[in-house]
Amino acid sequence: MRTIIFRPTNDCNLACQYCYDINNHSDTIQNIRNRATNKLLANQDALLRGIQLLFEGEREKILIFHGGEPLLIQPDALDEFCSHLDEGVQIDIQTNGTLIDQNVIELFRKYRFRVGISLDGCNEFQNSYRLFRNGNSSFQTVMSKIKLLQDNDIRFGVIMSLSKKHIGCEQELYDFLAQHHISSNIRRVFASDQFSDTMTDQEYVDFFNRLYDIWFEDEECLVETRQIMELSSELENVLVGERTSFCSTSDDCFRRYISLDVDGNLYACNRLYGVDDFYYGNVDNISMDDLMRKMNQLLSRRIDRIQQECAGCSRIAMCNGGCPAEAYDLYHDYTRSNCDYKVKTLIRNHIKEKLHND
């Protein structure tokens, strides 16, 4: 399997305060959209050749439109681009949702997009880091677009980045998911030296456990287990056994995932985009042999360090030292472990105790 995380533009119409990708611009949105659309169309042939090369020999092919904000590209240009992709390619998109309209809806339907929307909770306070570049809240706009998706029977999921603003709001968040029938992925804001409101390990454990208790004690079953992906995953890990299912715990992430931008530049990871140490080259002039050699070099350096740092840990085969991109954000060293073993253990012990006492 290979997943290409494709940046059709680096621009964005929001200025999220915790974003790891701070390429915002002062030009008008219309000018940004026109410029981004024209650039994609101008580079389309080379990009499609590169995507075909990167997917060669792969049985499972996933292309994720990411960014920046991918829906800055006009829908007709995205339609033109997608029409040339191989039928076997699964197309996903991660978007802030603010630019969804009926034309975008038809695009999602035509190519069976799997859609992810970024939304941090159930009110403007919890979304106060997700602002338009003029400082206005994006919450009501995104909620109106979610309603549009639902009215058109477009399946989607929401990614919620939790910060200290969410502490104590577990019941409110649960009620929000129940009321709007939203499926979600909840996670802490990525730790970095640029954002100070990231939950501590204990704060996240307490938040998750309280949310789990609310779900567990809900006799009306207002929220299905699958509506909170992490809840479903942790229950499965307790009841069935731990699985490695996320890129952040993969022992092969540098070979399975690759970031591609509109100019054809290749990076090891979307979160490491723009960092010279993780630049592979340009899809127009790099051979697959050279690309694999660079991937393997990055991977082997990390594996060697993790095997030393985590020697004797029974969980190493499952977590593989955690996410290398987050390790780079925290320590400026992608080979270091940033394993969340203690966090997962505390959560799973809480779930086991709750199940045992029932």
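Q: In this predicted model, over which ring does the charged end of Arg-7 sit, and how far from its centre?
A: A charge counts as over a ring if CZ of Arg is within 6 Å of the ring centre and within 35 degrees of the ring normal. The charged end of Arg-7 is placed this way over Tyr-273. Its distance from the centre of that ring is 3.9 Å.

Q: Which ring lies under the charged end of Arg-336?
A: The charged end of Arg-336 also has a ring beneath it, with 3.8 Å to the ring centre. That ring belongs to Tyr-331.

Q: Is the aromatic pair of Phe-6 and Phe-81 stacked or edge-to-face?
A: The search of the whole structure gives 14 aromatic pairs. In the pair of Phe-6 and Phe-81, the centres are 5.4 Å apart and the planes differ by 15°. Planes under 30 degrees apart count as stacked, over 60 as edge-to-face. The pair of Phe-6 and Phe-81 is therefore stacked.

Q: How many residues apart are Phe-6 and Phe-81, and which elements hold them?
A: Phe-6 and Phe-81 are both buried. They also belong to one aromatic cluster with Phe-65, Phe-108 and Phe-113. Phe-6 is in strand E1 (residues 2-7) and Phe-81 in helix H2 (residues 75-82), so the pair links distant parts of the chain, 75 residues apart.

Q: Why does Asn-209 count as buried or exposed?
A: Asn-209 is part of helix H6 (residues 201-216). Leaving out residues up to four places away in sequence, Asn-209 touches Leu-346, Ile-347 and His-350. Buried means under 20% relative accessible area. Asn-209 is buried because its relative accessible area is 9%.

Notes. Residues numbered from 1 in each chain as written. Predicted model: local features only at pLDDT ≥ 70, side-chain atom pairs only at ≥ 80, totals over all residues. Heavy atoms only, no water. Phe/Tyr/Trp six-rings, centres within 6.5 Å; stacked < 30°, edge-to-face > 60°. Helix = DSSP H or I, 4+ residues; strand = E, 2+ residues; numbered from the N terminus. Buried < 20%, exposed > 50% of the residue type's maximum accessible area, 1.4 Å probe, protein only. Contact = heavy atoms within 4.5 Å.
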